[in-house]
Amino acid sequence: MDVFKINGKNTLKGEVTLHGAKNSALPILAAALLVKGVTVIHNCPDLSDVRETLGILESFGCKVERNGNTVVIDASVVDGSEIDEHVMRLMRSSILFLGALLARNHSASIFLPGGCDIGSRPIDLHIKSLRALGAEIIENGSSINCTCRGMTGAKIILPFPSVGATENIIIASAISRGRTIIVNAAREPEICDLVQFLNSCGARIYGAGEGTVEIEGVSELHPSEHRIMPDRILASTYMSACAITGGNIIIHDVKPSSLTPVFPIFNEMGCRLYLRDDCLEISAPNRLKRVKMIKTMPYPGFPTDSQSPIAAALSVARGTSVIKENIFENRFRYISELNRFGCDIDINDRIAVINGVKHLKCANVYATDLRGGAALVVAALRAEGESTINQLEHIDRGYESLEKNLLLLGADIKRIKNEEEGKA
Ligand code: UD1
C-alpha cells in the first residue's frame, strides 16, 4: 500500500482549485442509468469511489468513457441488475443503484453495503421507502432481491433526513406513475445537484434543498450534460490545512452557499475569510482560537464530514474546544491516531474534548476512514519532523491528487508507492 511522507511546519501559501464533489458524483452517476442514451458529466473527480461506480455501470452493459474530468455514459442498453458483493462491501453508496435499477429494469439484486467504518449504517429507510413506491423486496441474510412492476408515487415521511434515502427515493420515482412527496427530505447541496441533473434530463422534481420534495413521475428521461458542483468537504479540508499551518491560501471554484455552515467556525478560530464570486481566500493567525462547541447536524447544520479535519486544526488552538457528533455513532476512531501526534483529545461517547497544545510531533499513523485520514494529513502538516500516513486507500476514495495540490501550496509531502517502499 502507498504511504504519505510529510515533513511538517511549512506554512501553506498559494492557490488551489476544488475538484467536483464525490457525494454529488456518486448519486448522479447512478441516476445516469435512467437515461436511455448518452449522459455527459463534467467536473467528475477521478477518485477510487467514482471508478468503482463507473465499473458498476459497465457491469450493467453501459459504455463508459473518461476524458480528463469529463465522463460519458451510454446507458442505451442495460442488461444487468446485480451488483458484485465485493463492490457493495467496498462502497456504501452503491445502495443508490437499488432505486435506479428498479426504475430502469424493474429488478435489482444487491448485497448489504459497506463503506467507511464509522458506525452501524443501516439501510432500513431505503428499503421502507422503495417498498412504499411499489417494490417487492426480499431480504435474504446478506443479500436483497427486489422486483416491481414500475414505481408508483407515494407520500414518504422520513423519520430522519437521510441523504442516501432521499437520493434513492428521488432517483427511483423520477421515472414512475403518479406523484411522490418526501417529507423531512435531506437538504444537502448534493441533493440539489442531483435534482438539477435529473431535471435537465426531463424529470419534474420540485423543492430540492427544502424539507419537502415533490416528484411528478415521467415516463422517460432524455440525454443531457451536467457539471458536478465543487466539493465542499474538500474545501473545508484545505481550509483546515491552511488554518493549522497559519497560512494564507486562495481556493478556486467554491460554491459559497454550500459552505455557510463552516464559515462561522473558521471565523471563531480567528481566521479571516474573503469571498469574491467563486474564490475564497483564507488567512489564518499564528495561533488559532478554540471553538466553544461544534455540533454535527444535517444540512444546513455543520457537516459531519468536515468534523475530522477541523478537529485536527483545533488540536493546536489556544484553549479547549468541544465537538459533538450527532450523525454517526462511531466517527471518532481517528482520534486515537491523531493523539499520536501529541494532540490532547478525550472522547466520551459522541463528544470529543480537544485541549489545544502548542506543538505536534511527527508520528507513524494509519487512516481509519476517509475523513479521519484527511485529519491525519492536516495534523502532519503542522508536526515537527517526518510523519508517515498509512492506509491511503481510505483517503484516495474522496481526494484526487491530494499530495500534488498540497505540494503546490508549499507542503513537503510525497506519496511513496508500495514498490518503492519495498526496495527501501
Ligand atoms: C451521506 C454521505 C456521507 C455523509 C452523510 C451525512 C454520500 C455518498 N455519503 O452518507 O459522506 O457523511 O451523508 O451527511 O453522499 N440511517 C439509518 N437508516 C438508513 C439510512 C441512514 O438509520 O436507512 C442513519 C445512518 O446510520 C446515519 C444517519 O442516518 O446515522 C445519516 O445517514 P445518511 O444521511 O443516510 O448518510 P449516507 O447517505 O450514508
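**Close-up views of a predicted model**

**View 1. Helix H1 in its surroundings.** Nine of the ten residues of H1 are buried, so this helix is largely enclosed by the rest of the structure. The model shown is predicted. The buried residues of H1 are Lys-22, Ser-24, Ala-25, Leu-26, Pro-27, Ile-28, Leu-29, Ala-30 and Ala-31.

**View 2. Packing of helix H1 against helix H2.** H1 spans residues 22-31 and H2 spans residues 48-59. Their axes lie 10 Å apart and pack at an angle of about 0°. Angles under 35 degrees count as roughly parallel. H1 and H2 are therefore roughly parallel to each other. On the H1 side, the contact involves Lys-22, Ala-25, Leu-26 and Leu-29. These meet Asp-49, Val-50, Thr-53, Leu-54 and Leu-57 of H2. By class, the contact has six nonpolar, one polar and two charged residues. Two of the H1 contact residues, Leu-26 and Leu-29, are also among those buried in the helix.

**View 3. Surroundings of the ligand.** There are 19 residues around the ligand. Those that come nearest are Asp-124, Leu-125, Ser-162, Asp-305 and Ile-327. Side chains and backbone both supply N or O atoms close to ligand oxygen atoms. In the side chain of Asn-23, an N or O atom is 3.0 Å from an oxygen atom of the ligand. For the side chain of Arg-92, the corresponding distance to a ligand oxygen atom is 2.9 Å. Val-163 contributes through its backbone: an N or O atom there lies 2.8 Å from an oxygen atom of the ligand.

**View 4. Ser-306 in helix H10.** Helix H10 covers residues 304-314 and includes Ser-306. The relative accessible area of Ser-306 is 1%, so this residue is buried. Beyond residues up to four places away in sequence, Ser-306 touches Ile-233, Ser-236 and Val-262.

**View 5. Ile-335 in helix H11.** Ile-335 belongs to helix H11, residues 335-338. With a relative accessible area of 2%, Ile-335 is buried. Leaving aside neighbours within four places in sequence, Ile-335 is in contact with Ile-345 and Ile-347. Ile-345 is ten residues from Ile-335 in sequence. In space, the two are 7.1 Å apart, C-alpha to C-alpha.

How values were computed. Residues numbered from 1 in each chain as written. Predicted model: local features only at pLDDT ≥ 70, side-chain atom pairs only at ≥ 80, totals over all residues. Heavy atoms only, no water. Helix = DSSP H or I, 4+ residues; strand = E, 2+ residues; numbered from the N terminus. Buried < 20%, exposed > 50% of the residue type's maximum accessible area, 1.4 Å probe, protein only. Contact = heavy atoms within 4.5 Å. Axes fitted to C-alpha atoms, helices over the stretch in contact; angles between N-to-C directions. Parallel < 35°, antiparallel > 145°, perpendicular 65-115°, else oblique. Nonpolar A, V, L, I, M, F, W, Y, C, P; charged D, E, K, R; others polar. Near = heavy atom within 4 Å. Polar contact = N/O pair within 3.5 Å; in protein donor to acceptor, adjacent residues only side chain to side chain.
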